[in-house]
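Here are a few exercises to help you find your way around a new structure. Try each task on your own before reading its solution.

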Amino acid sequence: MVEGRKKLFGTNGVRGVVNESMSPELALRLGLAIGTAMHGEIAIATDTRTSNTMLKEAVVSGLLSTGCNVIDTGIIPTPALQYFVRERRLNGGVVITASHNPPEFNGVKAIASDGTEASSQEEGMIEDIFYSENFKRARWNEIGQLHFNEQAASDYIDAIASKVDVASIKKRKLRVVLDCSNGASCFTSPYLLEKLGVEFITLNAQPQGSFPGHESEPTPEHLQSLIKSVSALDADLGAAHDGDADRTVFVDEKGNYIPGELSLALIAMEEVRKSGGTAVVPVSTPSVVERAIASAGGKTIYTRVGSPVVARKMMEVHAVIGGEENGGIINPRMQYCRDGGMTLATMLEIIAKNGSLSSLIAKLPESHTVKTKVQLAEGEGHMLMERFRQSVQGMKRDETDGIKLFLDRGWVLVRPSGTEPLIRIFAEGDTEEQARKYAEEYVRIINELREKR
């Protein structure tokens with residue numbers, strides 16, 4: 001990317017409020033820039049948001065104008081599109097999604113030819129083309145063609161089933177409550193569970209882009225119906241996806257919401273135990289993950305926040321597992337990207353072979369973390385982070401991503417969000433009370449720095 005150029009891509013694509021910062025004009029130019037950068041055959045998919053068709057058609061117009069042929073795979077999870085791109089050996093892909101953001105948001109995410117999210121270098125190339133408007137323009141008789149493919153969802157489901165021990169899962173006769181969050185998983189996860197031979201009940205399994213069941217972010221507050229249903233229906237597991245189904249969070253058989261870092265710790269520990277090796281996680285990850293991996297004889301490598309960064313480091317070091325503490329787990333048995341369907345199948349395999357989720361979680365090291373955030377005005381983040389950096393000079397810290405401070409009884413990470421105008425604060429303490437104190441203290445510090453003139 002040209003030095004000093006305004007950045008377009010955040011941590012996970014380009015996002016904004018529909019018909020404000022995320023307009024069809026912007027989507028058209030993004031299509032032109034992506035088509036110019038990738039050229040060739042490009043697949044496209046959307047999640048269920050109400051603006052999906054408007055933005056998709058704009059991106060497709062841009063892609064076709066550059067001479068790219070486009071394969072429209074419809075509404076499918078982001079990892080299903082990623083698998084399709086990799087397996088069909090396409091030049092790239094585009095997903096119209098804002099993942100966990102509220103329904104008024106949407107976004108454009110670029111997928112590389114290997115099925116991973118576009119690297120920062122690839123995004124930089126797209127940004128340079130976008131801002132310079134140096135778009136490729138195909139001759140009238142070389143404009144790209146639009147095709148449709150309805151097999152992407154079923155191919156994805158079959159691939160996941162081929163990567164796990166279906167016989168063991170079927171043998172346990174598990175009962176699952178699945179919350180599709182009115183998102184793209186409506187078209188895949190119920191059929192995956194059927195293929196895995198579990199009894200299941202669905203919640204919010206109608207594709208509705210206004211997310212009437214609950215907001216798309218799978219937090220405990222939004223999943224109260226799932227939590228109550230697991231206990232009421234005597235289920236072995238509850239599972240919920242976000243809007244584009246690259247993440248999965250779980251509820252145990254007692255109706256306890258399992259924080260994402262604990263499901264990551266459990267899955268990572270089991271994958272390392274099976275085959276040994278290394279795990280890769282971002283600096284925001286609670287220490288319970290590293291301790292669980294170490295107990296299985298593995299090593300943990302830390303990166304900047306963002307699944308594309310984690311995935312590429314995994315490829316570099318041949319890691320056996322990786323992911324984020326928000327339920328976004330990257331399992332290379334399937335592919336190098338966050339994959340909610342594969343995460344669901346993997347957890348079912350672990351429970352089928354090792355016992356109830358509550359008993360497995362109880363064996364993990366203790367974890368006490370608090371996540372919070374400070375809302376910002378647009379463009380305020382950089383200034384605040386510079387002020388914060390000056391205020392903590394001399395303290396033991398890690399600046400891999402944001403500023404992570406190592407304190408007497410834990411740590412605090414302060415970093416600007418890559419998708420929203422806010423600063424995220426992650427705090428870990430040796431007790432729940434200590435973690436909360438650290439979080440509250442650094443919210444106060446950030447707010448005090450905002451008031452300085």
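**Exercise 1.** Find which strands helix α3 lies across in this predicted model, and at what angle it runs to β4.

*Solution.* Start by locating helix α3 at residues 78–87. Then look at what it lies across: β2 (41–46), β3 (69–75), β4 and β5. Finally, compare directions: α3 runs at about 165° to β4.

**Exercise 2.** Work out the strand order of the open sheet, and pick out its edge strands.

*Solution.* Go from one side to the other and you get β1-β5-β4-β2-β3-β6, six strands with mixed pairing. Now check the ends: β1 (14–17) and β6 (146–148) each pair on one side only, which makes them the edge strands. As for twist, neighbouring strands are turned by 20° against each other on average, ignoring direction.

**Exercise 3.** Sort these pairs into parallel and antiparallel: β4 with β5, β2 with β3, and β3 with β6.

*Solution.* A quick reminder before we begin: strands of a sheet pair through backbone hydrogen bonds, in either sense.

- β4 (residues 92–96) and β5 (residues 105–111) are antiparallel, with four bridges. Here Ile96 sits opposite Val108 of β5.
- β2 and β3 are parallel, with five bridges. Look for Ile44 opposite Asp72 in β3.
- β3 and β6 are parallel too, joined by three bridges. Ile71 has His147 in β6 as its bridge partner.

**Exercise 4.** Which handedness does the β-α-β unit made of β2, helix α2 and β3 have?

*Solution.* Follow the chain from β2 through helix α2 (residues 52–65) to β3. This β-α-β unit is right-handed.

**Exercise 5.** Check whether the span of helix α1 agrees with what its residue count leads you to expect, then decide how enclosed the helix is.

*Solution.* First, the span. Helix α1 (residues 24–38) has 15 residues, and at 1.5 Å a residue it should span 21 Å. The expected span counts one less than the number of residues. The end C-alpha atoms are 20 Å apart, so the two values agree.

Next, burial, taken as under 20% relative accessible area. Eleven of the 15 residues of α1 pass that test, so the helix is largely enclosed by the rest of the structure. Among them are Leu26, Leu30, Ile34 and Met38.

What does the covering? The elements over the buried residues of α1 include β1, β2, α2, β4, β5 and α4 (120–132).

Last, step just past the helix: α1 is followed by His39, which has a positive phi, near 35°.

Conventions. Residues numbered from 1 in each chain as written. Predicted model: local features only at pLDDT ≥ 70, side-chain atom pairs only at ≥ 80, totals over all residues. Heavy atoms only, no water. Pairing = 2+ DSSP bridges. Helix = DSSP H or I, 4+ residues; strand = E, 2+ residues; numbered from the N terminus. Axes fitted to C-alpha atoms, helices over the stretch in contact; angles between N-to-C directions. Contact = heavy atoms within 4.5 Å. Right-handed = clockwise from strand over helix to strand, strands pointing away. Buried < 20%, exposed > 50% of the residue type's maximum accessible area, 1.4 Å probe, protein only.
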